[in-house]
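Grab a pencil and work through these exercises with the model open beside you. Try each task yourself before you read its solution.

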Amino acid sequence: MSVPSLFRRKSTEVVESSPDEELSGEEVEADRPKGYTPSKKELGVETPKRGSSNRRRATEPAPANRREAYKKMREKQRSERAEAAAGMRSGDERYLLARDRGPERLLARNVVDSRRTVGTWFFGGALIVLIGSSGAMPPAIRLVSNVLWAALALGVIVDSVLISRKVKRLVRERFPKSTQRMGSLYLYAITRSITFRRMRMPKPKVQIGDAV
């Protein structure tokens, strides 16, 4: 006596009546709304994984105590001061003082740095005059010291006039709309002219004898 396979028949009926096989691709698309957008998964496109460049950057650990925080602060300040000093020496406008900023000031510096100035010998000559004009020195040495002092003073005056005239001429030629006061530019150039070349800040960008 054979027993009918009820379970097998039931599963066959379920499979045959499966709605997924009865519906075709066109019917499924027809059931979708008009504004439907297929996902990347349905289109067979894989979403790329984020690279390591998009990961959160590791932050610097916080100082463990006040002493370490103070040490880091001092190191940062020293680094900033060194950077500012280097920028000032090189003539970087970001680090220059207000008195040194502007194209007119740069032109005045180049005028002074492109020539030999009597003012660079002024302080050295003044020291010699001070020693030679003391009462312990013979009258001849004191006389020579006084003559040297007068010659240095006259040389500085003449040199300052020549520098001021050249600064005025070049500024008016190259910067006709400049709002800089000429008297301030004269004083700026003269002050630089009586400073030793190696001690000038910013450092000279032109050599002696270069055309400005």
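**Exercise 1. A nonpolar patch**

Does Phe-123 count as buried, partly exposed or exposed, and what is its relative accessibility?

Solution. Before we start, keep in mind that this is a predicted model.

Step 1: Find the residue. Phe-123 sits in helix H7, which covers residues 122-132.

Step 2: Compare its value with the cut-offs. Buried means under 20% relative accessible area and exposed means over 50%, with partly exposed in between. Phe-123 has 45% relative accessibility, so it counts as partly exposed.

Step 3: Look at its company. Phe-123 joins Phe-196 and Met-199 in a nonpolar patch on the surface. Together the three have about 330 Å² of accessible area.

**Exercise 2. The whole chain**

How many helices and how many strands does the chain have?

Solution.

Step 1: Count the elements. You should get nine helices and zero strands. Written out along the sequence, the pattern is α-α-α-α-α-α-α-α-α.

Step 2: Check the burial. The chain has 212 residues, and 20% of them count as buried.

Step 3: Turn to the surface. Its accessible area comes to about 17,100 Å², and carbon and sulfur atoms own 58% of that.

Step 4: Ask how far apart the contacting residues are in sequence. Take the contacts with a separation of 6 or more: residues 24 or more positions apart account for 64% of them.

**Exercise 3. A positive patch**

Which residues gather in a patch of positive charge on the surface?

Solution.

Step 1: List the members. They are Arg-67, Lys-71, Arg-74, Arg-78 and Arg-81.

Step 2: Place one of them. Arg-67 belongs to helix H5, residues 66-90.

Step 3: Test its exposure. Arg-67 counts as exposed because its relative accessibility is 74%.

**Exercise 4. Salt bridges**

How many salt bridges does the structure hold? Work through the pairs and the network below.

Solution.

Step 1: Start with the total, which is five.

Step 2: Take Asp-100 and Arg-99, whose side chains meet in a salt bridge at 3.7 Å, N to O. Asp-100 is buried, because its relative accessibility is 2%. Arg-99, at 51%, counts as exposed.

Step 3: Move on to Asp-159 and Arg-115, where the closest N and O atoms are 3.3 Å apart. This pair ties together distant parts of the chain: Asp-159 is in helix H8, while Arg-115 is in the loop between helix H6 (103-113) and H7, 44 residues apart. Asp-159 has 7% relative accessibility, so it counts as buried. Arg-115 has 23%, so it counts as partly exposed.

Step 4: Try Arg-169 and Glu-173, which form a salt bridge at 3.8 Å, N to O. Both lie in helix H8, four residues apart, or about one turn of the helix. Arg-169 is partly exposed, because its relative accessibility is 44%.

Step 5: Finish with a network of salt bridges, which links Asp-113, Arg-192 and Arg-200.

**Exercise 5. An arginine in the network**

Is Arg-192 buried or exposed?

Solution.

Step 1: Locate it. Arg-192 is part of helix H9, residues 182-193.

Step 2: Apply the cut-off. Its relative accessible area is 6%, so Arg-192 is buried.

Step 3: See who surrounds it. If you skip the neighbours within four places in sequence, Arg-192 touches Arg-109, Val-112, Asp-113, Arg-200, Met-201, Pro-202, Lys-203 and Pro-204. Asp-113 and Arg-200 are also its partners in the salt-bridge network.

**Exercise 6. Two residues of helix H8**

Which residues is Ser-145 in contact with, leaving aside its neighbours within four places in sequence?

Solution.

Step 1: Set the scene. Ser-145 is in helix H8, and its 6% relative accessible area is why it counts as buried.

Step 2: Read off the contacts. They are Ile-128, Val-129, Gly-132 and Ser-133.

Step 3: Now do the same for Arg-142, also placed in helix H8, residues 139-174. Its relative accessibility is 30%, so Arg-142 counts as partly exposed. With neighbours within four places left out, Arg-142 contacts Gly-132, Ser-133, Ser-134, Gly-135 and Met-137.

Step 4: Compare the two lists. Gly-132 and Ser-133 turn up for Ser-145 and for Arg-142.

Step 5: Add a distance. The C-alpha atoms of Arg-142 and Val-129 are 8.1 Å apart, with their positions 13 residues apart along the chain.

Notes
Residues are numbered from 1 along each chain as its sequence is written. This is a predicted model: local features need pLDDT of at least 70, side-chain atom pairs count only at pLDDT 80 or more; totals for chains, interfaces and linings use all residues. Side-chain values use heavy atoms; hydrogens and water are left out. Patches are made of residues with over 30% relative accessible area and no salt bridge: like charges are joined within 9 Å, nonpolar side chains (Val, Leu, Ile, Met, Phe, Trp, Tyr) within 5 Å. Accessible areas come from the Shrake-Rupley method with a 1.4 Å probe; for residues, only the protein chains shown count as cover. A salt bridge is a side-chain nitrogen of Lys or Arg within 4 Å of a carboxyl oxygen of Asp or Glu. Lys and Arg count as positive and Asp and Glu as negative; His and the chain ends are not counted. The place of a charge is taken as NZ of Lys, CZ of Arg, CG of Asp or CD of Glu. Helices (H or I, at least four residues) and strands (E, at least two) are DSSP runs, numbered from the N terminus. Buried means under 20% relative accessible area, exposed over 50%, partly exposed in between (1.4 Å probe, protein chains only). Contact means heavy atoms within 4.5 Å.
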